[in-house]
Amino acid sequence: MHVSAAWWIATIALVLGITAIDLFLNRGQTHITIQHAVRWVLFYVVVALGFGGAIIVGFGPGYGGQFIAGWLTEYSLSADNLFVFLVLMTRFSVPEYLQLRVLTIGILIALVLRAGLIAVGAAAIHQFSWVFFIFAAFLLYTAWNLLRSGHGGEDSDVEEEAPPAVVGFIGRVIPSTPVWHGGRPFVKQSHRWIATPMLVTMVAIGVTDVLFALDSIPAIFGLTKEPFLVVTANAFALMGLRQLFFVVRDLLDRLRHLDTGLSIILAFIGVKLVMEAFHDNNLPFLNGGEPIHAVPVVPTWMSLGFIVAVLAIVTVTSTMANRRDARNAALAENQFDMKDEPTRAA
């Protein structure tokens, strides 16, 4: 896939332009309702799909499918990141009218840091195909932990412990004050400039996003080896992540089976990476260092279809489970009222 400088420039301009329009139209927003956030999430979904269409026109359906599969995976795996963002917002008591601005700059920091990780990953894969075995092992281990624990299991406190560790490190590196000064990132005290919670929260969001993206970077390399597609899939996923935060903030517990779905997706991509590693093998102790072409390669359309199917299934099963619990709760309340009725009559 040869990507010209014009494509890179146009893509960067598109990302920056849409972000600027978003900030302009949402300026002065002191309270973002779930309806408002859903409209913007749908807008970013349409933009990402439109960009996927442009990839199909410019480079062919194969690369377009890789972009959409990668974007869907990144967007799905970002659910845990949103949980971390929520912890940080609560920890720093971020005023609601500043939350969108904090998320915007924090996610831009995350995008720059992710680009660095992607560059390192792409260079390693280009030189050493065995890196796929490491990525696959990491994804399978992550999938097992996610399936075993979920948000409510023993290991679910990892996400709650990580932000304080990151915040503590940032606090040691950047002199700061716990007092908010509106949207100002720095304030002058005792003849020196120190950071406010505004800056610390933005940096913490950017850094923790990258820490919790260590599973999604190998995952997307399991779907495409093209750096342009990896970068753009991450960019479009992160762009829509800000508004998705306000949806997840109110609907955090409704997709109760999402962890199971994500573990299945990660395991699928991990197996796919192992198959590709064998297919592109250059390890001297395996088949004399020659590729093992007998191992099949999973086509992009199958990866995309599998991801969409898993996400659709967990959405349906979560909705059904929520409705069942609501019916059971209503039935239990009615039975309690009926038992209490004779006491009232007496």
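These are my notebook entries on a few places I looked up in this structure, which is a predicted model.

**Entry 1: Asp-22**

I began with Asp-22, which I found in helix H1, the helix that covers residues 5-25. I asked whether Asp-22 is buried or exposed. Its relative accessible area is 0%, and because buried means under 20%, I wrote Asp-22 down as buried. I then looked for the partner of its side chain, and found a polar contact with the side chain of Tyr-44 at 2.6 Å. Setting aside the neighbours within four places in sequence, I listed the contacts of Asp-22 as Trp-40, Tyr-44, Arg-242 and Gln-243.

**Entry 2: Tyr-44 and its ring partner**

Since Tyr-44 had come up as a partner of Asp-22, I turned to the aromatic rings, where the count for the structure comes to 12 pairs. In one of them, the rings of Phe-43 and Tyr-44 have their centres 5.4 Å apart and their planes at 65 degrees, so I noted this pair as edge-to-face. Tyr-44 counts as buried at 2% relative accessibility, whereas Phe-43, at 36%, counts as partly exposed.

**Entry 3: Phe-51 and Phe-236**

Next I looked up the rings of Phe-51 and Phe-236, whose centres lie 4.7 Å apart with the planes at 35 degrees, so that this pair is tilted. Which helices does the pair tie together? Phe-51 lies in helix H2 (residues 34-59) and Phe-236 in helix H9, so the pair joins parts that are 185 residues apart in sequence. I noted both Phe-51 and Phe-236 as buried. They also belong to a cluster linked by ring pairs, together with Trp-7, Trp-8, Phe-59, Phe-67 and Phe-228.

**Entry 4: the cavity**

I then asked how many cavities of 30 Å³ or more a search of the whole structure finds. The search finds one, and the volume of this largest cavity is about 80 Å³. The elements that give two or more residues to its lining are H1, helix H4 (96-127) and helix H9 (227-251). Among the lining residues I wrote down Val-15, Thr-19, Thr-104, Leu-108, Met-239 and Arg-242, and I recognised Arg-242 from the contacts of Asp-22. By class, the lining has seven nonpolar, two polar and one charged residues.

**Entry 5: Thr-196**

Last, I looked up Thr-196, which lies in the loop between strand E2 (192-195) and helix H7 (197-211). Although it sits in a loop, Thr-196 counts as buried, at 0% relative accessibility. Leaving aside the neighbours within four places in sequence, its contacts include Thr-177, Val-179, His-181 and Arg-184.

Conventions. Residues numbered from 1 in each chain as written. Predicted model: local features only at pLDDT ≥ 70, side-chain atom pairs only at ≥ 80, totals over all residues. Heavy atoms only, no water. Helix = DSSP H or I, 4+ residues; strand = E, 2+ residues; numbered from the N terminus. Buried < 20%, exposed > 50% of the residue type's maximum accessible area, 1.4 Å probe, protein only. Polar contact = N/O pair within 3.5 Å; in protein donor to acceptor, adjacent residues only side chain to side chain. Contact = heavy atoms within 4.5 Å. 1 Å grid on protein atoms, 1.4 Å probe; cavity = no way out; pocket = protein on both sides within 12 Å on 5 of 7 lines; lining within 4 Å. Points joined across faces, edges and corners; volume = space filled by probe spheres on them. Nonpolar A, V, L, I, M, F, W, Y, C, P; charged D, E, K, R; others polar. Phe/Tyr/Trp six-rings, centres within 6.5 Å; stacked < 30°, edge-to-face > 60°.
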